[in-house]
Amino acid sequence: MPEWQNFQPFIVSGLALGGVYSLSGVGMVVLYRTTGVLNLAFGAVGAMGAFIAWSLVNTYGWPEALAYLVCVGFGAVISLVYGILAGPPLAGRDPLVKAAATIGLALILLGAMSWIWSDKARSLVLPTTTWRYSVGEVFINWTQIIALALGVLVTLATAAFLRRTGLGTAMRALANDREITAALGVPVRRVEAITWLVSGALAGAAGLLLSNLVGLDAATLTFLVISSLAAALIARLRSLVVTLLAGIVIGLVNAMVTPIFSISSYRDMTPFVLAAVALLFLSRHQQISFARRNR
Amino acid sequence: MRRNGVFVRLTLVLVASTALAACNSNKSPGSTTDSTTAPKCGAGTGQKATGEPIKLGAIATKQPGTDFTDIPNMAKAFFDCVNDNGGINGRPIQYLIETEQTDPGQVAALAKKLVESDKVLGIVGNTSIIECAVNHGYYEQQGFYIIDSGIAPECYSTPNSAAVNMGPRYSVDGATQYLIRQGVKKLVLDQSNVPGTGYIEGGFLLIAKDAGIPTESLKDNVPIQDANSVALKAVQAAGKDGGVVLNFTPPEALKILQAAQQQGLQDSVKWACSTPCNTDYLAEALGPQWNGKLGVNAELNLTTAAGPDSELYRAVQKRYAPNIPLGSFSQMGFVEASIAVKALMSVSGEFTAKSVNEAIKNIKDFKTDILCKPWYYGNAPLHIPNNTDRTVVPQDGKMIEKEGCFPISEVDPAIAQVRQIEAAG
């Protein structure tokens, strides 16, 4: 077992990744609660945004800040387009069908990324990564700080937004009962479209951060959605705060296991193990269903 | 209203498709013509070969995430150049490329198809994850001598396979030797957690033990999802004055190296990498912070090297295969095709599978400036004709030579056996 000192840099790394998992998880939960869609294309949307940003900077010489905005904007727009095109026809279908449809979007984006950018080695380093300082022997850079802070801030801001604004109330009402909400005069399509837009923007931001923290690789970024999904499942696709905490715990455990060589090879199981344990614990007195009630 | 809705959706799809196509900036220009002088290959007559084709074949892996077809495609480019220059005594080479998806049944069937149905006279340019393991027995039975780019251990340990590269095990050996020369006190090998890693680390362990240096072997699942932690783990395992050898594909190696840099770890240990890292794309992505800090084992010369073969390679690529990037893969295809053409040129009499394979087997002292020393085939229980390598390092977005040709250590038993075979002539 390594000494405590050796674990310290892994804590920083784990907190940063955990922050982004939380950010993605919150985006998924809000979208699910409003539209009933578990968006498994969340990672692919962010990945494609990051690749576009890379091309704009490295091929077309765009200013970095503008390219990063395009990344976030791409996530928002592609999600909105998907929501407009696929949302209405799938509105009455089972949640499983809706989730499977997003796998289709993920595969289209993954294929497009392979076609456009191939699998050559690329890197996207945010300027904030070069701003760093050391605490003892541990280096901390500002991208890591931003990753964690953004996860926390987005969770708190979203929770406040849902409670204190009219649109938030409409979204919560949709989460409870789509038909009654529509009957009450809430513009369901518009509320759903806004949710897709915001959730997509979060996917873009998460993709940007992960392409720096993990690497600019289409498959990796696409399948990192698994960790975020685990965080959302631990929160039973309801609580934003639990999603935040679960995301951070997944990131931390994953990183802290790394220097323990005997179990290091199994650390990719972390999200599955934690999700399974949490769901078993939560279901000890009840039956869990992800199907929406009162459709 | 309904028609309008459909129209809006179709328009959105069209706009998205156009935007995607516009992003496709990576593709090289499609035009294959240019104003440069046509390269002279083979007989160099400048006349198109029009006789009865001589059939050669190849099998390459092509599946999501693993595409080795650049190698036979570059071999085809060279054959096309030969065909435009008189072919083989007026006969063009017809080159059949089959692709496989790591299915042993499919790979075995493709070899039979090429040999028994297509009646190819020789097999050149094979590059597959499993092909050597699956088909070496069949080729031995049929009397086919394969010129390939090796991956599986059987490519380097069976009598009817000779590769132009040296494969991951001996490339890791070369990277390990580089770090030992750098004076490291401990060696760590980090590689992807896939079948075959035990075979690859065998040479690393022997060479480190021979040098009296302690070792640690790490394996990481790919794609790597927590590069910062992987980089930290490797650096901690190596410790002060240690060295880390990476054996990953370029994108995965880049993740680790970039994460090391972000955590200020690029100077904490000495870094080395096996051949896949030898690409200018990696050097460019790493940036100047890594100038001279990553020793990469190079099985072939730099693509920018001087020398008649390197110049011909670039000219053939430019004219016949502009969509294939310059790099070790296309160099391998070029060298394999060059060897095959030399063998075909030496056939006197009728072209049959027997005469062509006999000519391939008899190749010796094939000199090219793309390899460190002459390549050969010959009668032997195993072939590792490329067993002398270079070390390159990134420098301002390019790979440059750090160390000239050096022999891979004979501490690795197969290399020792090959040197004995070479000494015996």
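Is B:Lys76 buried, partly exposed or exposed, and what is its relative accessible area? Select B:Lys76 and you will find that it is partly exposed, with a relative accessible area of 32%, where buried stands for under 20%, exposed for over 50% and partly exposed for what lies in between, using a 1.4 Å probe and protein chains only.

Before going on, note that this is a predicted model in which local features need pLDDT of at least 70 and side-chain atom pairs count only at pLDDT 80 or more, while totals for chains, interfaces and linings use all residues. Residues are numbered from 1 along each chain as its sequence is written, chains are lettered from A and ligands numbered from 1 in the order in which they are written, and side-chain values use heavy atoms, without hydrogens and water.

Next, add B:Asp80 to the selection, because B:Asp80 and B:Lys76 lie 4 residues apart in helix H2 (residues 70-83) of chain B, about one helical turn from each other; a helix here is a DSSP run of H or I with at least four residues, numbered from the N terminus. The two form a salt bridge with their closest N and O atoms 3.1 Å apart, the term meaning a side-chain nitrogen of Lys or Arg within 4 Å of a carboxyl oxygen of Asp or Glu.

Now move to B:Lys367, which is exposed at 59% relative accessible area, and whose side chain meets that of B:Asp365 in a salt bridge of 2.8 Å, N to O. Then select A:Arg267, B:Asp220, B:Asp226 and B:Lys233, which salt bridges with shared partners join into one network. Over all chains, the structure holds 24 salt bridges.

Definitions and conventions: Helix = DSSP H or I, 4+ residues; strand = E, 2+ residues; numbered from the N terminus.
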